[in-house]
Structures are given as structure tokens and as C-alpha cells.
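Reader: I'm new to reading structures, and I'd like a close look at one part of this one. Could you take me through the binding site slowly?

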Amino acid sequence: MSSRTNVSCLHEARRVAIFGGTHGNEMSGITLVNMWKQNSAEIERNGLLIKPFISNPKAVEKCIRYIDTDLNRAFTPENLSAPDVEGRLYEVQRAKEINRMFGPKGSSDAYDVIFDLHNTTSNMGSTLILESSTDLFNLQMVHYIKKAMAPHTCLVLLNEHPQLKYSTTRSVAKHPIGLEVGPQPQGVLRSNVFESMRTILKHALDFIEFFNSGVEFPPCTIDVFRVQERMDYPRDTNGNITAMVHPHLQDCDWEPLNRGDPMFLTFDGRTILYEGANTVYPTFINEAAYYEKQQAFTTTCREILAANAIRKAFK
Ligand SMILES: CC(=O)N[C@@H](CC(=O)O)C(=O)O
Ligand SMILES: [Zn+2]
């Protein structure tokens, strides 16, 4: 019997964008994209059209996350279909422009792949962010990247939570993929973080080049962390936080958090324990940008995804 019967044939991925500066204070992606705009030799691949792009230039100029509203939440159907009028929020305007240039979102004209480069203040290491557990192209790509990165780790965060999923900038593409590397403070460039991001991008582009050249990728499984819940800081009746991430949890992204483990430390020295029934794997622990989002960390559960073999459809 031929294994060919189980190979999924997918469209080639010709148009690829690399976004930096979706958040204007996340310096690795901004620096890499600006570097590649000056000299793209490093990211050129046979048969690929690759566009390095600063997605929120006004926020980059000011070195702040956003001007009016978070661009990485702005790609909603309502925003994208809103008429162009003066006085709209800058990021809503910008989302419409990006959708025109790289989309339209959900259409056959959309870019094949958008890599969106982010930094976190959390100790997450290198993390690929997926929005779908059924996108075979992305599953195979992250499998390839994880293997290529070994012995260094590159983890996968899957966010397809019905309430916690948000309308990302990369969601304009057919295959959206986020790359989150930390820890790196906002507005700061760290060479180790910069180099990790650069290496992951190299492997990602290699994968796409191989795929387009007709290489078949065998069936695989991928370890992922699925977004489960958003955990807020303890707060008083005025909404002010009353506790910090506990020192035993701080920097322990991806490590198991069990019932009874310390979670927060109040300003007066009291420890607040995790009381959930199941072991979870926290991530985005103490991310600076998430104080305004009422989020101290995200809980995830581990899961193994299986992906069919893929190759390019010939026609
Ligand atoms: C720290 C940070 O900005 N993280 C990203 C994650 C993502 O791209 O999905 C965000 O909240 O938009
Ligand atoms: Zn970001």
C-alpha cells in the first residue's frame, strides 16, 4: 500500500510577510525587520516573495505598544469593514490598510504566510503561537522548526479559545504564525533574544522553500500548550492590584502549577495558592503589557497534535 493516499496536497506558499513592530516597544522584531528592509539577502529564498514590514510605525517611532488601541486586537470583521473616515483610531485605520495590503482576511488574495515578531517580558523562551490546530501547513512548519532548533527548545502556544482568542494582525494571512521571544524588557534589545528570533525565522523560511520545491513532509506529532484561562491579579474594590506574582512562580513559565502551589504574594506578605483541580502550565507570567488586560498569566494544558503528511499540490 502506498502511503501517498494519506498525503495532503496544499497550495504552494509564495507570498510571505514578516511583521515587526505590531507592538512599538518590542525591539527584536523591529530591529530585524528594519535590518532586512535595508538588506534582504538573508531572508531571500528561491521562488518566494518575502516582505519585511513594520506594522505599527507610529508606535515604533514613540517606542510604545500602541497609539490608540492594541493593533493586535484590531482585526475584527467590524473594524475591517468600517468605512474610512477621519478621526478613526489610528490602529483601526492601520488595520484596514494592512488588510488591503496583505489580505483581504479570509480571501484567496490574502498573503500565504505572515510571521508576526513579538517580545515578551516573561521568561517564555522561544515560542511559536498558532491560532488553529487544523492548519496542516503551520503544524508541519512548527514541527520542522522545533526539530531544527534542537537541542534548543522552541515551544508552541495554541490559542483557539472561543473567548480568549483575539483578532491578530497576522490573522490576515492564510497561515498566521506568531513568534514570541523573551524575556526582554520593553524598549530593550537583548542579543540572545534577537539571535533566537533570527534563527527561528531562518528555519521557517527554509521550510517554506523546501515545501515549495516539492519536498514531502511525513506525518508528525507536535507537543503544544493550549490556552485555557486568563488569571488576573488579586484586586481591591477599586480595581487596584493587591498582590504580585509569587517568587516561586515568577520566571517559571511552562512549568507545572499544581493545586496548592504558591501563585501570588500580597503586599502584606500573605501567599495565595493555586486552587484549580488540574495541573496547568502557566505562561506569559508577569507580562508587562498585560497589566492593562487584567492578566497576571495564562494557564495552558499540554496536548499532542497529529498532522498528516503534506506536499505541494502540482497543477
Ligand atoms: C506580549 C505580547 O504582545 N504578546 C502578544 C501575543 C500574540 O501575538 O498573540 C499579544 O498579546 O498580542
Ligand atoms: Zn507583542
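Author: Sure, and one term before we start: UniProt positions are given in the numbering used here, and such annotations may be inferred rather than shown by experiment. Also keep in mind that this is a predicted model.

Now to the site. An unreviewed UniProt entry puts the feature "binding site" at His 23, Glu 26 and His 118. Along the chain they are spread over 96 residues, yet in space they cluster, with a largest C-alpha distance of 7.3 Å.

Let's start with His 23. You'll find His 23 in the loop that sits between strand E2 (15-20) and helix H1 (27-38). Is His 23 buried or exposed? The cut-off for buried is 20 or more other C-beta atoms within 10 Å. His 23 has 27 C-beta neighbours inside 10 Å, so His 23 counts as buried. If you skip residues up to four places away in sequence, His 23 touches Ala 59, Arg 65, Tyr 66, Asn 72 and His 118.

Next comes Glu 26, which lies in the loop between E2 and H1. Here the count is 30 C-beta neighbours inside 10 Å, so Glu 26 is buried as well. Leave aside the neighbours within four places in sequence, and Glu 26 is in contact with His 118 and Asn 119.

So what about His 118? Look back at the two contact lists: His 118 shows up among the residues that His 23 touches, and Glu 26 is in contact with His 118 too. That's a handy way to picture the three annotated positions clustering in space.

Methods: Residues numbered from 1 in each chain as written. Chains lettered and ligands numbered in written order. Predicted model: local features only at pLDDT ≥ 70, side-chain atom pairs only at ≥ 80, totals over all residues. Helix = DSSP H or I, 4+ residues; strand = E, 2+ residues; numbered from the N terminus. Buried ≥ 20, exposed ≤ 12 C-beta atoms within 10 Å, placed from the backbone. Contact = placed C-beta atoms within 7 Å.
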